[in-house]
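This is a walk through one protein structure, taken a few helices at a time. Please keep the sequence and the 3D view at hand while reading.

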Amino acid sequence: MISKSTIDKVYETARLEEVIGDFVQLKKSGSNFKGLSPFTDERSPSFMVSPVKQIWKDFSSGKGGNVVAFLMEHEHFSYPEAIKYLARKYNIEIEETELSNEQKEQTNERESMYLVSEYAQKYFSEVLWEREQGKAIGLSYFKERGFTDDTIRKFDLGYCLDQWDGFTKAALGKGYQLDYLEKTGLTIVKEDAADRDNKKTFDRFKGRVMFPIHSMSGRVLGFGGRILTNDKKAAKYLNSPESDIYHKSKVLYGIYFAKQAIAKEDNCYLVEGYTDVIQMYQRGIHNVVSSSGTALTSDQIRLINRLTKNITVLFDGDAAGLRASLRGIDLILEQGMNVKVCTFPEGEDPDSFSKNNDYEDVVLYLQENSKDFIQFKASLLVEEAANDPIKRADTVRDIVNSISKIPDRIQKEIYIQECAQIMNISEAVLFNTLAQIGKKDVADANKKVKQEQQAFDVVKNEPLRQKVDVQYELERKIIEMLLLYGDLEQQFEDLVLKENEKGDLELEPESLDAKVYEKIYLDLQDDEIELANEQFRNIYYRLMEDLNEKEMFSITTFIANLDQELASEISSILMEEEKYVLHQWERKDIYPKDKKVGISQLVSETILTLRCYLIKKRIGSLQENTLNNQEGNMEIMEEIMNYIQLNVLLNKKLNRVLS
């Protein structure tokens, strides 16, 4: 268990914008930063980071919180794992106390799978460097590929002994459970047909050199293993199977090592294999990742999109499936990204070319031979079409179809003009073709939306609420004021309800010096108002406790002690003003004030507005009672008149005229 002093130091030291900047490309926006959501597929930035408040808010997914919440959401860390990650990043020594047996049992399945994967990586590396078989076979192979010791250690490369269950026995001997070895795919478990209680175990990666696959934060998710023998029955490369922690369609090999360089260079080189990544990285080109031998997916593209808008796809000179690989380019275009393509000379690939050329030569080659995707696709397809007019027409449609994927209209027009020149065809024809594709896409999209809406109506069978929940918004404002100004001392003009000489009710002002949280507490207590929203109510009592007991109130510390749901709600409250501007609230009895209005006035008027709303609600409830209850109507009517009189007085104080 991590000590409280370590946790406090982590929160004091960690800078939210630096941590998130490792995963998302952030750009300055006033006093904040913004970027693309790492949780949804979006093209317009709605992910906001506040360095002052040390909170983030993702308006597209609704998620938000502090630095630890981000790591828990993005990397699926447990709370202790997030603290440890930050401690490592900021070189903070971790003080720990021994976990109890009960706490050990509470370690969840995902954490156990991560622990098993991390052990496996260390084991395979140890075998590579320390065991005779590892050095003779695995290390020799990597050396033959031209990898240096530093590179081999950098990428945590390893070797799995050519034994049926060498790794499995070692892991079980260290106390790791067979269940998790099987779930991560490191061990294959088979039942003995003769004796079902007797399970046979086999190492999945027996006799293979190992390439650990890391998440963006550096956690080991799975492995790629290459066989070194000429066994035709065995796959040359073998990946970990899908698991709770490893989804190959959502992972890019090398992203952990490349993320900072990608953001800095504002470009990402996309290659096909593990060794392509490692060799280019060793040569000095660090902004390179691989799809690990799988077809490129939208999820993988989105990983890159968080760091840069520019991708350069590198193809082997003799890539047999080059035309099929162009499908990946269309996926990249759909994400609104800029794509270039570079092919190497025949017989070369990124691995061999980087190995056989100096850094300057590789960089120069990439600069001079990276073509815009239109130029590349046109030259490739035109060559295939040759003098066949039908194939040529299909080629034009293929290129225009790719252009149709681009979200930006200006880019579309420029590419159409370029395509017209390359293909020697009129722009008008290409624009008409583009329009036809667009109409079909719109029709398909409308059909899908209609189907989804029909399905939604069947399930829900009720109209969507369009009205603003007035009480919700006012209670939200109260929480915001407590967070931002709760411990500030202010002079308030308090209002006391009294009877004048005529027996009429009047509000008399009285001066009150108090902290904001004291004023809010007293007003709500006097009127016996309890917040209706359960989350706000929980946050309210926690705030009152903190503001009353602690000399210095810190939003960062306060959020750190909340569960993720409440922390996310607070982030949403504090960041709302950065994203949305609400219009015409006056029509809904909500009167937001400009920031320039004094804090004391803002607090007083918000509480008064809530009182007016609740009075209006009470009047409506009483009027309904008069219809259902013939007896005692006089008492109810008298109560209604008192409330109406009070409502008039409060609105007068707020300078509003009741209609």
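At what angle do helix α1 and helix α4 pack? The model, which is predicted, gives an angle of about 60° between α1 (residues 4-13) and α4 (residues 79-89), with their axes 10 Å apart. Angles from 35 to 65 degrees fall outside the parallel and perpendicular classes, and α1 and α4 are therefore oblique to each other. In passing α4, α1 makes a left-handed crossing. On the side of α1, the residues that meet α4 are Ile-7, Val-10 and Tyr-11; on the side of α4 they are Tyr-79, Ile-83, Leu-86 and Ala-87. Sorted by type, this contact has 7 nonpolar residues, no polar and no charged ones.

Before going on to other helices, some figures for the chain as a whole are useful. The protein chain has 27 helices and 18 strands. Of its 659 residues, 46% are buried. Among contacts with a separation of 6 or more, 66% join residues that are 24 or more positions apart.

A second pair is formed by helix α6 (residues 109-130) and helix α9 (residues 166-173), whose axes lie 11 Å apart and pack at an angle of about 120°. That angle makes α6 oblique to α9. The crossing of α6 past α9 is right-handed. From α6 the contact takes in Tyr-119, Ala-120, Tyr-123 and Phe-124, and from α9 it takes in Gly-166, Phe-167, Ala-170 and Ala-171. The residues of this contact between α6 and α9 comprise 7 nonpolar, 1 polar and no charged. The spacing along a helix can be read with a general rule in mind. An α-helix has 3.6 residues a turn, so residues three or four places apart point the same way.

The third pair lies further along the sequence. Helix α22 (residues 516-526) and helix α23 (residues 534-549) have axes that come within 10 Å and cross at roughly 130°. α22 and α23 are therefore oblique to each other as well, and their crossing is left-handed. Here Tyr-517, Ile-520, Tyr-521 and Leu-524 of α22 meet Tyr-540, Met-544, Leu-547 and Asn-548 of α23. The contact of α22 with α23 divides into 7 nonpolar residues, 1 polar and no charged.

Two further helices can be described by how they are covered. Which residues of helix α13 are buried? They are Gln-300, Ile-301, Arg-302, Leu-303, Ile-304 and Asn-305. Helix α13 spans residues 298-305 and is mostly covered, with 6 of its 8 residues buried. Helix α21 (residues 470-485) has 16 residues, and the distance from its first C-alpha to its last is 22 Å, close to the 22 Å expected at 1.5 Å a residue. Its buried residues include Val-470, Gln-471, Leu-474, Glu-475 and Arg-476, and further along α21 Ile-478, Ile-479, Glu-480, Met-481, Leu-482 and Leu-483 are buried too.

The last stop is a single residue, Ser-604, which sits in helix α26 (residues 599-628). Is Ser-604 buried or exposed? Its relative accessibility is 16%, and because buried means under 20%, Ser-604 counts as buried. Apart from neighbours within four places in sequence, Ser-604 is in contact with Phe-492 and Lys-519.

Note on methods
Residues are numbered from 1 along each chain as its sequence is written. This is a predicted model: local features need pLDDT of at least 70, side-chain atom pairs count only at pLDDT 80 or more; totals for chains, interfaces and linings use all residues. Side-chain values use heavy atoms; hydrogens and water are left out. Axes are lines fitted to C-alpha atoms, for helices over the stretch in contact, and angles run from 0 to 180 degrees between N-to-C directions. Helices (H or I, at least four residues) and strands (E, at least two) are DSSP runs, numbered from the N terminus. Angles under 35 degrees count as roughly parallel, over 145 as roughly antiparallel, 65 to 115 as roughly perpendicular and the rest as oblique. A crossing is left-handed if the near helix is turned anticlockwise from the far one by less than a right angle, and right-handed if clockwise. Contact means heavy atoms within 4.5 Å. Ala, Val, Leu, Ile, Met, Phe, Trp, Tyr, Cys and Pro count as nonpolar, Asp, Glu, Lys and Arg as charged, and the others, Gly among them, as polar. The expected span of a helix is 1.5 Å times one less than its number of residues. Buried means under 20% relative accessible area, exposed over 50%, partly exposed in between (1.4 Å probe, protein chains only).
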